[in-house]
Amino acid sequence: MPLENHTANAFLDLPPEFATRERSRVLVLPVPYEKTTCYVRGTEGGPAAILAASHHVEYYDEILRDEPFRRSGIHTLPPLESGDSPKEAIEAIRKEVSGLASEGRFLLLLGGEHGLTVGAVRGVAEHAPPLTVVQVDAHADLRDEYEGSPLSHACVMRRLADDFPSVQVGIRSLSKGEADFAAERNLDIHYGHDIAAARLRDDGERRRWIDEAIDSIATEHVYLTVDLDGLDPSIMPAVGTPVPGGLLWFELLTLVRTLFERRTVVAADVVELCPVPGIVAPDFLAADLTYKIAGHALRA
Ligand SMILES: [Mn+2]
C-alpha cells in the first residue's frame, strides 16, 4: 500500500530516500518501445504494468534474507520515448543507455519489445567491454530479417552476433535457417527440452545446464536479457509469442543468482511483457523478477 511521500509510478514505490537519482546504485529505465511485434501487440504497455505491479512486491527478499534496496536505492527514470522507425528508436536507446552506462551504475531496462536490446547492449558495451549477452528466451532471435525488418524482435541476437559472444537459454522456437546459422557459428544454445529433461534427473544433475551455461561465458562482463516468453506460458501467459516448454520460476532465479555469483553482470533487461487485462499474475512475476535482479545488483 503506498505510503505518504512515496514516489508514485516508480519501481517498488520506495521511500524517497531510497529512490534518489544521486545515491541509487540501480537505475530502472522504462522503455515502452514497440515497432515490430508480429502476433499479439501490447508490449508498449509492459513497463507501466511492471511498475504498477511492483508496488505490491514485498521489500524483503526471502532468498537473499535481506531488503536489498536499503543498500543504496533504486531510482526510476522517466520512460524513454524512442524515434519513429526501428532504426531511429534503437539508435536513440543506444545513445541514452551509453550515457547512463558511463555512470557505472547498474541499468535495468523494462520493455517493451525485445528489439530494444540491440541498442541497449551496444550502449552498455561502450563502457564495459568485452561483454557476453546471456539471453533467456523461447526464440533464438537469429533471423537475418523478419517481415522485411532486420531490426525485428525476431532478429535481436543475429544483429548482436558479429560483435558479442552469447549464451542462449530456454530456446524452443527457431527456423531451419536459424539452426543452420547457430551450427555454423557454433553458438551456445541451451534448449528447452534439454532443460526439461534435467528436471527428471537426480538432484546433482538437475542444475548442470546452469553451470554449463555460465562456465561457457568467456568474458567477465555480462548483459542479461530476459525475454519473458523464455518462461513457460503456464506461469507467463502475457507475452506476444508464447511457446510451451519454458523455464519455471525457480530455475530462472537459480540461473540469475548463479550468474551474479560467478560473473559481473553490468546491465539487464526484462522485455516482452504484453499485459492481459484482468490477469495480474504475469505482471507481478515480471515485477518480482525485476526486483530479484536488482537485489543481486545491489549486493554485488
Ligand atoms: Mn522471444
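**A tour from the manganese site outward**

Select Asp 229 first: at a relative accessible area of 2%, it is buried (buried is under 20%, exposed over 50%, partly exposed in between; 1.4 Å probe, protein chains only). This is a predicted model, where local features need pLDDT of at least 70, side-chain atom pairs count only at pLDDT 80 or more, and totals for chains, interfaces and linings use all residues. Residues are numbered from 1 along each chain as its sequence is written, and side-chain values use heavy atoms, with hydrogens and water left out.

Now show the manganese ion. Asp 137 (OD), His 139 (ND1), Asp 227 (OD) and Asp 229 (OD, listed twice) coordinate it at 2.2 to 2.6 Å. Donors are N, O and S atoms within 2.8 Å of the metal (3.2 Å for Na, K and Ca); water is not among the atoms, so sites may look incomplete. Along the chain, the donor spacing reads D-x1-H-x87-D-x1-D. Click Asp 227: it is buried too, at 3% relative accessibility.

Next, go to Arg 41. It sits in the loop between strand 1 (26–31) and helix 1 (46–54). Helices (H or I, at least four residues) and strands (E, at least two) are DSSP runs, numbered from the N terminus. Arg 41 is partly exposed, at 49%. Leaving out residues up to four places away in sequence, it touches Glu 34 and Cys 274; contact means heavy atoms within 4.5 Å. Measure to Phe 11: 30 residues away in sequence, 24 Å C-alpha to C-alpha.

Finally, zoom out. The protein chain has 10 helices and 8 strands. Its C-alpha atoms fill a box of roughly 55 × 50 × 40 Å along the principal axes. Of its 300 residues, 58% count as buried.
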